[in-house]
Amino acid sequence: MSEKSLCKGCVESVIVSEEVIEELILEAEEQPSLIVSEEVYKERLQICEECPSLQYGSTCAHSGCIVRYRAKFKNKSCPFAGKPKWEKVS
Ligand code: SF4
């Protein structure tokens with residue numbers, strides 16, 4: 001299954017329900033080789049939770065991504081222009 005690019009344009013609303021977010025996370029966890037460790041995931045989310053760019057408690061204002069989904073993936077980084085707040089994992 002391929003990774004989805006979740007953004008404002010591909011969900012019904014920018015305010016996404018907890019149920020939908022949990023489904024996305026479960027889907028991500030079906031691809032263990034692509035996702036970060038639980039420790040890295042928690043570190044990334046802690047940074048997002050303290051970031052003023054987090055909208056509605058779920059969505060990054062820079063990418064439109066649901067951070068709890070995006071932060072799962074090794075090949076994703078924070079999209080903050082010029083100075084990502086968390087980086088890709090190799
Ligand atoms: S992904 Fe980066 S810019 Fe977006 S909310 Fe998280 S820390 Fe902030």
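Is Val36 buried or exposed? At 8% relative accessibility, Val36 counts as buried, because the cut-off for that label is under 20%. Keep in mind that this is a predicted model.

**The overall layout**

Let's step back to the fold. The protein has 3 helices and 2 strands, and from the N terminus on these elements run α-α-β-β-α. Of the 90 residues in the protein, 34% are buried. Val36 belongs to that buried part, and its place is the loop between α1 (18-29) and α2.

**Val36, Phe73 and an aromatic pair**

What does Val36 face across the chain? One partner to look at is Phe73: the two residues are 37 apart along the chain, yet their C-alpha atoms are separated by 5.9 Å. Phe73 is itself buried, because its relative accessibility is 0%.

Phe73 also turns up in a ring contact. A search of the whole structure finds 1 aromatic pair. That pair is Tyr69 with Phe73, with 5.1 Å from centre to centre and 75 degrees between the planes, which makes the arrangement edge-to-face. Tyr69, at 3% relative accessibility, counts as buried as well. So both rings belong to buried residues.

**The cavity and its ligand**

Now for the empty space. Rolling a probe the size of a water molecule over the atoms shows where empty space is left. Here the structure holds 2 cavities of 30 Å³ or more, and the largest cavity has a volume of about 100 Å³.

Which residues line the largest cavity? The list is Ile47, Cys48, Cys51, Ser53, Leu54, Cys60, Val67, Arg70, Cys78, Pro79, Lys85 and Trp86. Two helices, α2 (38-49) and α3 (67-70), each supply at least two residues of that lining. Sorted by class, the lining comes out as 9 nonpolar, 1 polar and 2 charged residues.

Where does the ligand sit? It occupies the largest cavity. The residues around the ligand are Ile47, Cys48, Cys51, Ser53, Leu54, Cys60, His62, Cys78, Pro79, Phe80, Lys85 and Trp86. Split by class, this shell has 9 nonpolar, 2 polar and 1 charged. If you set the two lists side by side, Val67 and Arg70 are named in the cavity lining, while His62 and Phe80 are named in the shell around the ligand.

**The loop between the strands**

The loop between β1 (54-55) and β2 (59-60) holds Tyr56, and Gly57 lies in that loop too. Tyr56 has a relative accessible area of 54%, so it is exposed. Gly57 is exposed as well, with a relative accessible area of 58%.

Tyr56 has a backbone feature to check. Most residues other than glycine have a negative phi, and most peptide bonds are trans. Phi of Tyr56, however, is near 55 degrees, a positive value in a residue other than glycine.

**Helix α3 and what follows**

Arg68 is in helix α3 and counts as partly exposed, because its relative accessibility is 25%. Two of its C-alpha separations lead back to residues earlier in the chain: Gly57 is 11 residues away in sequence and 10.0 Å in space, and Ser58 is 10 residues away in sequence and 7.1 Å in space.

Past this helix, in the segment after α3, comes Lys76. With a relative accessible area of 24%, Lys76 is partly exposed. Its C-alpha atom is 7.9 Å from that of Val89, 13 residues apart in sequence.

The C-alpha separations are gathered here:

| Residue pair | Separation in sequence | C-alpha to C-alpha distance |
|---|---|---|
| Val36 and Phe73 | 37 residues | 5.9 Å |
| Arg68 and Ser58 | 10 residues | 7.1 Å |
| Lys76 and Val89 | 13 residues | 7.9 Å |
| Gly57 and Arg68 | 11 residues | 10.0 Å |

**Back to the start**

To return to the opening residue: Val36 is in the loop between α1 and α2, and it is buried at 8% relative accessibility. Its C-alpha atom is 5.9 Å from that of Phe73, and Phe73 is in turn the edge-to-face partner of Tyr69.

Methods. Residues numbered from 1 in each chain as written. Predicted model: local features only at pLDDT ≥ 70, side-chain atom pairs only at ≥ 80, totals over all residues. Heavy atoms only, no water. 1 Å grid on protein atoms, 1.4 Å probe; cavity = no way out; pocket = protein on both sides within 12 Å on 5 of 7 lines; lining within 4 Å. Points joined across faces, edges and corners; volume = space filled by probe spheres on them. Helix = DSSP H or I, 4+ residues; strand = E, 2+ residues; numbered from the N terminus. Nonpolar A, V, L, I, M, F, W, Y, C, P; charged D, E, K, R; others polar. Near = heavy atom within 4 Å. Sits in = over half its atoms within 2 Å of the grid points. Phe/Tyr/Trp six-rings, centres within 6.5 Å; stacked < 30°, edge-to-face > 60°. Buried < 20%, exposed > 50% of the residue type's maximum accessible area, 1.4 Å probe, protein only.
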